[in-house]
Amino acid sequence: MGNYEIALCIGVVAPLFMFAVLAFFGHRIGKPTSGWVAVLGVLASLGCATYVLLGWLSATDKAALMATTGYDWVVLNLFGNEMPIEFKVKLDGLTVMMYFMVALVSTCIFVFSIGYMAGHSDEVDGQCKFHRFFCYLSLFEFSMLGLLISSSIFFLFVFWELVGLCSYLLIGFYFDKKFASNAAMKAFITNRVGDFGFLLGLMLVFVFLQTFDLDQAAANFRHQYATNSGIFAADIDILGWHVSGMGLATLMGIGLFCGAMGKSAQFPLHVWLPDAMAGPTPVSALIHAATMVAAGVYLVARVFRLLTPDAQFFIAVIGCITLTITALIAIVQVDIKKVLAYSTLSQLGYMIFGMGVGAWPAALFHLITHAFFKAMMFLGSGQVIEGCHHVQDMRKMGGLHKKMPVTCWTFFIGVLAIAGFGIPGTHFGLGGFFSKDEVLAVAYERTYNWEDRFGGHEKDDGHGAENAHSATPREDDLILRSGKVILASGQVHDEHGSEEHDADEHGADEHGAETSHGESATHGAAAHDAGHGGHHDDPVLAGIAAQQHKIPKWMFWLPIIIAYVTPFYMMRCWWMTFMGKPRDGHVHHHAHESPLMWAPLIVLAIGTVAASYMMFRPQLGEAAVIASDAPLVVAVDGEVPDKAQHELLGLSHDKDKDPHGALIGIVGFSWLVGMGLAILIYRNGLELAERIKRLPFVGFIHWCLMEKLFFDHIYDTVLVGGTRVILSGASNLFDILVVDGIANLLGRGTVRIAEFSGNIMDTGGVDGLVDAIAESTQGAGEMVRQPQTGKIRNYILFGTTGAVLVLAAIIAVVMS
Amino acid sequence: MTLRLKKILLLMTPLAIAMFIAAAPVHAADTDLSLSDQGIQTSADGGLLEALMFYACAGVILASGLAICLSKNIVRMAVYLFGTLAAVALMYFLLLANFIGVIQLIVYAGGTLILLIFGVMLTSKSPWAKFEVKRSELIAAGVVCALFAGMLLFVVVNAEWPLETDAVVVGSSMTQFGTGLLTNYLVPFEAISVLLLVVMIGAAYMARQE
Amino acid sequence: MFEIGLTHYLVVATLLFVMGIFVMITKRNAIGILIGVEMVLNGANINLVAFNRYNGMGNIDGQIVSLFVIVLAAAEAALAVAICMNFYKNLNTVDVDHGDTLAG
Amino acid sequence: MTQFSVPWKQSPPLEYRGPARGIVALARMVYTMATPIVSRFPGPILLGAIIGGTLLVWAHWMLFGFVETIAASDVNGAAHSVWGQTLTTAEIGAYLDAHSIVASGILKYLLWPLQLELLRDLVGLGAIFGLFNLIPVYAIWWERKVAGRIQSRMGPMRVGGWHGWAQSFADGVKLVGKEDLVPEQADAMLFRVAPYLAFVPSLLAFLCLPLGSYWVFRNVDVALIFIIAMVGVEVVGVIVAGWASNNKWSVYGAMREACQMVSYEIPMTTVLLIPIMTAGTLNMVQIGDMQTGGWFSWNAFHNPFTFIAFITYYIASLANCKRAPFDLPESESELVAGFHTEYSGFRWALFFFAEYAAMFVVSALAVTLFLGAWHTPIPATWAFEEDSIVKIFLNGVLFSSPFWFIFKCFIFIYIQLWIRWTLPRIRIDQVLYSCVQVMFPIACVALVGHAVWMVLLDGTVFSDIIRWILGLLTAAVTFGFLSVAAFGYRNGRQMVGYLAVKQLPGA
């Protein structure tokens, strides 16, 4: 193992060590100190993360860094061949960036928690829960970082469950409160549903790809597709439903995505996240905004190479639905944390949607920017809640900007970032402006520019005379088509090698030319097959991705609409909390803020601004994307400075087909519209909003949204109630029909027979017979009872005697 | 009776030493080029010495076993059991199962036996408490056990065991044990570890102070 | 006579086994029965190791199983001693013949 | 010198029956005949005993080495040279045949004892038995001297000459001559057997204890577990002794011993897994051979966890051979003398032999597994390389010999004595608490930590840095301690040191 891997491992183990320390000695360490102990662990992680990040950014030969050795954790002997489950550190740009992000955000949150939990931790029987909180947090930190460095899906799953456990523990931290423990259970059970799907996907991976290692699995997947073997050759019936090979591969992808659906709270399983706000606010910031819920997106990014186009489409649909409904619900929420929770859901929907449409780097970019600003906003809300003495209702707040200026203005930065504040056409903007824009741009491409880019080439090249280029027609077909696929910047570098990439303008023209010939992918693929064995841009997977659907128009327009809704509800939240006149004098009077708690806010605000521009620092952008394992990434860089780079990214040259150009017109100023509308409505307190609510149809919609679109009711009625009804009905029926029936039948029959024959038999010589039977039974009982002495030694003796007899019999038989 | 047993037990000590000397494998140089270099015996000595050791071993096992059968005092029985266990361990050395031999010593002689004596001490009211058994029971047990032993011996002596005369007999190495436990026997190994945990909790629960 | 083979070991194991059964039958002390059980297990174990030595096909399966037996015997002894203590606590004796209160 | 007259009536000579009669007569004869000689020539006799013992072990080693080589050189290239050349019996035979030497048949016949292992085994057994007897004898004497110095007195000074060096021999002779009492209500058979049950396992443990790469009686692949088992089996004798005495104090001692031993074996064995994991073998010789190259390569300094493991092991081993502060089984202030209250004479001496031999065995385990076994603290490459016999001898003594092994073991025995005479005894519940709630968690943490370390950090520069830091730290502490002690000794002429002397009343 190299130094970087060791540093990563140390960073993972340090919080675990602190967990052990706090678990065993926490009650002795005491109240403020145990928090600092936990901070020590996470600072070690941050140090390691920084070391690795700097090393990664300055490294020239990144492929050499990525070639890590692993240790066989256990070797399974299955299917006639040995399958090692390897423990290996995954070291690539994605891991490094995510690791750094998680370490930085959690350091801030840990520090914040010391201030926050000081007032929140003495609530069970006067028992100090302070150290327990940090104990759980450290365990979570360990699990999350472990998840990030796992190279095998198996270990990823292990850490996946560990973060789930930590989430459960921390949501139910105030377990003496009924709602908190209920919320914890809800989160846990909902996650189990998703994890069940994950497990099924894992089984399919295990059975068909025969490995857990991500790279190896992707290579096997590609190979199986190319040779039409393995999972693609499967042809099975599941409950009478015929599933082809491709269908099974899609099922595998969807199964893996189910895990992400649970953790990232996507559409059918999104109900747990708002309830999870029952946990302490730093937990909401760390787990339910910045890191754990993003792990679902991370998982999709990791298994992206195993996703078929259908699976990707499924993911996109789920993401689209999630981002829409949750943003709508967020409009009407009055609890400050609930608003943030629903906005988190919506943004997660954006990420998943981006993944689904193939905007791999854009979604991850959004993930990182979102982590910073959402963690910051959650901490800000925690500050508000702490300052207002556990009041979470925004209707009682207002005018807090004087009392807590730092919180107010850092929160405002967060609002700007999530709203997509920026001047279109320039490089001036914050977080969401760049990241959301990229997701939408790719969606635009997939909606409007898709057909004319690929339709023609499929006809011309796919089955044309260039088949001679490669081994099998199937592969050849894909390669040729993949050549036309838009490639992410990172992939472009990979195809040409890093030295060519450095000379930007030189390589760009060349590449642009090659792309149009549809050969570069063949070339790059050959080089790469020799090298990394199915690493980044293998042509086959690229081919699979090239079959991606042209997505329907509503899937482009819904996110666009939500891009207008997001600034509205965020601004509403901010304005109701901080601006206007104080609506509750008592709350306002007590409000204050403490330095231990606003210092992390400032760090995170700086992080938000810095992360916004990550994509424009070539080094950082590469760090996220380069050499990571996306097979095909349909990426559209946020701002494309010149034509050469434009070509490099594979975008069309025409101005009218440039997605960014189109998007400026559509959503460029959405932030202004949304935020302006919110200010207009909430400028003078809540009266205007109340009046709007009283409008005839709006009232009904408001009610629907307040009831969270009835998801909880539906689940409660259909799933819980249904199960109850079915079970109770079935058991009732069984009781009445079968048990009672048999009993009644027997009873009635007995009565009849007794009536019929009783007199005769009784009066006959039956009594004597009965007596005789009774006597003989008693006698036999007495006889049989004798050896039943109840003494264990006698039983052994009898047993041995039996053994002797049996042995004697056997010997007699054998001898004769 | 007592005098004879005492002499047998006293004889055990030099006997044990002598047998360990003879049974322990041939030592060799410090390089790890071959099995014998790692202190692993590849074949028994054979011949007279092995026979003598076997008979001594068997003698101790049977003598102390008989002493257990005849003894009335529970602590003495435990001490005789120690003789049996130690001699069985030596027999494992003879059978080239060094590891099983030492495990027998450390787990049985060092752990289980002490536990037994501990149990005796905790549950005996007077050191000389004896529970007499009825003569009829003794006779019945004797007859049945004699029949059982006779039949088993008949089978053991008359059966034709498939012997691999040409296969190389190799003593066990720790590597084999490790690999075996983590591959073919992984499931029983894990099951036993769970079982041990359960037993630990169960024993603590049952023996706790009310 | 001086050529020690499998049968020799089996004879010893058989005798130890039967003596263990005899001990189990004739001892009224609970710990005595436990001692009998240990003897039976040891007899069986000698069988395992002896078969492994003389008919082992070059592997050590027999030894591994006998290792399991030893471990299980230790677990069993721990539990059995705990049971004896409970027995003693309830009936104030370790005479197993008093443990027949459920007999008809 | 005040002459004491005997104030009580001289008891008549005890009557003995059987072989004891002869032994007692022999002992009396030795006592009456040897005492004048011994007291007149103490120095030469001590020197002669040491030289004789060394020569015995030396001869054993030579014989071993020679036969060893002859046996091992059948493996190609594995042979070590004896006196500069490799030899095998086959080669010798072939040489003799090839040169058609007249007496080749006779010579071959003369070589046959070399192939008879019984001969060298007998020599080896003699050496081991001698070592086994000498160690307790001198450890007991040394303990009394150390106790004396710690209590600002001289300890035994009379018997022998120089600092009463023959005290233990005299005690031994006295003990053999004492009456062999068996309490009337005791279980006589078990009472008599028990000392042997305690004594023999300690002796057996020496069979597998390597004093050097070749200085081992039997190089067994499971030697480590065997030694642990022997240390553990010793407790059977103690328990039986306590129970058979039919004395409530003895039974208390035995019960304490039982639960203490069973408990402390768990952390002890757990931490012993750490050097086993490092070495990957249970063979003591191989574990020792892995630690060549100076004190940085000793297992204890491998990483922080092995260091913790070493300290944990040492504390657990104190409890395992019932040394203070864990000497509950024989705590004289509460239980008279614990399990050996009723014992006297030779059987009592057997218990002491067992105890002091066990002290040596656990110290030897600590040395072999953690502190470089028989290797010097300075790397062996500094050895003299020339061939003169003196250099070779020095080489043998200084760089690869039992000298270092026994030296290190006696350092640890000294620490045991030191602890015994300075620390108070702790209560039995504290003993068990410290085992279950302190030592065992520490052992588990060290085990897991070491495993992680081995997977992640072994062979990297981090590992080496940690090793150097630990090694230098330990060296500095040791050196500093020795300096302070030397300073105190120089200035106060007292073992206890300068500062302590200043604090003594009347000083």
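## Surface, helices and side-chain pairing in a predicted model

Chain A exposes about 32,100 Å², and carbon and sulfur atoms supply 67% of that area. The model is a predicted one. Chain A has 816 residues, of which 57% count as buried. Its secondary structure comprises 35 helices and four strands. Of the contacts in chain A between residues at least 6 apart in sequence, 79% join residues at least 24 apart.

**Helix 7 of chain A**

Helix 7 of chain A covers residues 178–209, and its 32 residues should span 46 Å at 1.5 Å a residue; the end C-alpha atoms are 45 Å apart, which agrees. Just after this helix, A:Gln210 takes a positive phi of about 60 degrees. A:Arg192 lies over the face of A:Phe188, at 4.4 Å from the ring centre. A second charge-over-ring arrangement involves A:Lys177, whose charged end sits over the ring of A:Tyr174, 5.1 Å from the ring centre. A:Tyr174 also belongs to a cluster linked by ring pairs, together with A:Phe110, A:Phe130, A:Phe133, A:Phe134, A:Tyr136 and A:Phe173.

**Salt bridges**

Side chains of opposite charge can pair when their charged atoms come close. Over all chains, the count comes to 18 salt bridges. Three of them are set out below.

| Salt bridge | N to O distance | Separation in sequence |
|---|---|---|
| A:Asp712 and A:Lys186 | 3.2 Å | 526 residues |
| A:Lys263 and A:Asp195 | 3.9 Å | 68 residues |
| D:Lys322 and D:Glu234 | 3.6 Å | 88 residues |

In the salt bridge between A:Asp712 and A:Lys186, distant parts of the chain are linked: A:Asp712 is in helix 33 (residues 711–763) of chain A and A:Lys186 is in helix 7. A:Asp712 counts as partly exposed, at 22% relative accessibility, and A:Lys186 is partly exposed at 23%.

Helix 7 also takes part in the salt bridge of A:Lys263 with A:Asp195, which links A:Lys263 in helix 9 (residues 245–263) of chain A to A:Asp195 in helix 7. A:Lys263 is buried, with a relative accessible area of 0%; A:Asp195 is buried, with a value of 4%. These two residues are linked with A:Glu161 and A:Arg192 in a network of salt bridges. A:Arg192 is thus named both in this network and over the face of A:Phe188.

In chain D, the side chains of D:Lys322 and D:Glu234 meet in a salt bridge. This pair joins the loop between helix 11 (304–320) and helix 12 (332–335), which holds D:Lys322, to helix 8 (residues 223–244), which holds D:Glu234. D:Lys322 counts as buried at 4% relative accessibility, and D:Glu234 is buried with a relative accessible area of 4%.

**Aromatic pairs**

The count of aromatic pairs over all chains comes to 58. One of them is the edge-to-face pair of B:Phe54 and B:Tyr55, with 5.3 Å centre to centre and 70 degrees between the planes. B:Phe54 is buried, with a relative accessible area of 2%, whereas B:Tyr55 counts as partly exposed at 29%.

In chain D, the ring centres of D:Tyr414 and D:Trp418 are 6.0 Å apart and the planes lie at 25 degrees, so this pair is stacked. An α-helix has 3.6 residues a turn, so residues three or four places apart point the same way. D:Tyr414 and D:Trp418 are four residues apart in helix 15 (residues 402–422) of chain D and are therefore separated by about one helical turn. D:Tyr414 is partly exposed, with a relative accessible area of 29%, and D:Trp418 counts as partly exposed at 32%.

Methods
Residues numbered from 1 in each chain as written. Chains lettered and ligands numbered in written order. Predicted model: local features only at pLDDT ≥ 70, side-chain atom pairs only at ≥ 80, totals over all residues. Heavy atoms only, no water. Helix = DSSP H or I, 4+ residues; strand = E, 2+ residues; numbered from the N terminus. Buried < 20%, exposed > 50% of the residue type's maximum accessible area, 1.4 Å probe, protein only. Contact = heavy atoms within 4.5 Å. Areas by Shrake-Rupley, 256 points an atom, 1.4 Å probe, with all protein chains shown as cover. Phe/Tyr/Trp six-rings, centres within 6.5 Å; stacked < 30°, edge-to-face > 60°. Lys NZ or Arg CZ within 6 Å of the ring centre and 35° of its normal. Expected span 1.5 Å × (residues − 1). Salt bridge = Lys/Arg side-chain N within 4 Å of Asp/Glu carboxyl O.
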